[in-house]
Amino acid sequence: MPINKSAYRRYKIIDQLVLNKMKRFPTMTEIIDACWDKLGIDTSPETIQKDMANMRKLPPEGFDAPIYYDHKGRGYAYSDPDYELGGVSLSDTDIETIRESIEFIQTIGGSRISEKFNHAMEKILSTSIEEFSAGNTKQAILQTMNPPKSRGFEHFDLFYKACREKTPVSLVHYSYKKRNFSVLTIHPFMIKEFENKWYVMGFSEKHNQIRTFGLDRVFDPFLLKKKYIPVDKSTCEKEAHDYYGVFPIPNQKKQGVKIHVSALVTNYFEAYPIHESQVIEKEANGSSVISFNLIPTIELTRLFLSHGYHVKVIEPKWLIEFTENLK
Amino acid sequence: MKSKTSEPILFEIAENKDLADNPKVLRVILDPKFTRIDFGYNATGQYIKGGWIRMSPKTYVEVQGLAEKFLLTETTGITIAPKKVVFQSVKDWQFFTLYFQPIPQKDCVINIIEEENPTPDDFNYYGIELKMNEGVGILQNL
């Protein structure tokens, strides 16, 4: 359950008082007075007691704060003298950077960021408001595509865990094209986003090769108590760098691809390169020949086709035919 | 691979020409607290808009060699009759799960019986073999 922002602010006040070396062992009255001074809110002793109990809880609910009442000092203290709430002191630049990051994360967070991230984000956000409320703005100045949550995204956490902890997964997969359900055991190593669609990549026992599965077509995945089949690092890197998109065209290796592009659409390729290997050779009339060195994918051919007569595949020969057949 | 256990054990059900394939039985999970069976269904052209599906509340699992019936307790993705999941097209499809009372976690052959005197429209399956050494333990709580 999320902790409200007022509570975080009181935690910070309690923390600052307890850490104050000039005036050790703050009393309950002094804490209540400090809350009034800094927050303008009348706080009861019961609330402060609850706050301290919450601070003692383990993360992520609390902060594992070793706060106790020192009978000798007649006030509150930390049993660990090195303890500090949050444990990190931030410079103004750090805070500013965090604020920008939070705004960015909030902007994209609607559907792309896992739910569990929200709790941690609230903590950071509350702290930054507490310390820098004057500069905080409510008006969003970043906007990205933020479509409604897609089917299958709820499996994100499970696949993330499976990739991180190298755990095989049993899943039910539905092929839209074949209209067929199948049960697969995969050994996932990467989650990939492309055009706001999410995919998991892994070694599929049934296919005996690395395959990519759209999360929208995956049902009820389970983590399995089974030996994980690892994928070597170079394969992972290849998956990350050699594709535009997700689904490679079967049996095709990394190769040169050339397209002829109209002057109009050349502007877009110049502004938004689609792959790190992209090279543009301009012609006098503004049109261009653009070359890539990558593993051709379904998404690459769809991109070419989406530009209509502005883009024409010129190499390799098989891709010319392949693209024509997709029309 | 497991032999004796009290954790959930997952069995992939291989394609089998003797088993009805629509709905297709996909997985069986034997948990100490329940038996779970996953199915996939494709709507067909038999009806203009794909028709509908539902499960009889009397559906049960039987273990060959045992007299006991393991009754249907819960469903997801499909309704219990008289309610229906109604399709909108002949291309619709549905993943669904049936939960039954737990069957013993040991080698067995099970039947899934929706109707004891079935018509072709009823979901009856016979002879699903579960070998404990082919099952895999599940790491998470279900």
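A:R74 is exposed, with 9 other C-beta atoms within 10 Å. Exposed means 12 or fewer such neighbours, buried means 20 or more, and partly exposed lies in between; C-beta atoms are placed from the backbone.

This is a predicted model: local features need pLDDT of at least 70, side-chain atom pairs count only at pLDDT 80 or more, and totals for chains, interfaces and linings use all residues. Residues are numbered from 1 along each chain as its sequence is written, and chains are lettered from A and ligands numbered from 1 in the order in which they are written.

**Exercise 1.** Place A:R74 and describe its phi.

Solution.
- Location: A:R74 sits in the loop between β1 (67–70) and β2 (75–78) of chain A. Strands (E, at least two residues) and helices (H or I, at least four) are DSSP runs, numbered from the N terminus.
- Backbone: phi is positive, about 55 degrees, although A:R74 is not a glycine.
- Background: most residues other than glycine have a negative phi.

**Exercise 2.** Is A:N251 buried or exposed? Find its loop too.

Solution.
- Count: A:N251 has 5 C-beta neighbours inside 10 Å, so A:N251 counts as exposed.
- Location: its loop runs between α7 (233–241) and β8 (255–261) of chain A.
- Backbone: A:N251, not a glycine, has a positive phi near 65 degrees.

**Exercise 3.** Locate the cis peptide bonds at B:P23 and B:P82.

Solution.
- Background: most peptide bonds are trans.
- B:N22 and B:P23 are joined by a cis bond, with omega about 0 degrees. B:P23 is in the loop between β1 (9–12) and β2 (24–30) of chain B.
- B:A81 to B:P82 is also cis, with omega near 15 degrees. B:P82 falls in the loop between β6 (69–76) and β7 (85–86) of chain B.
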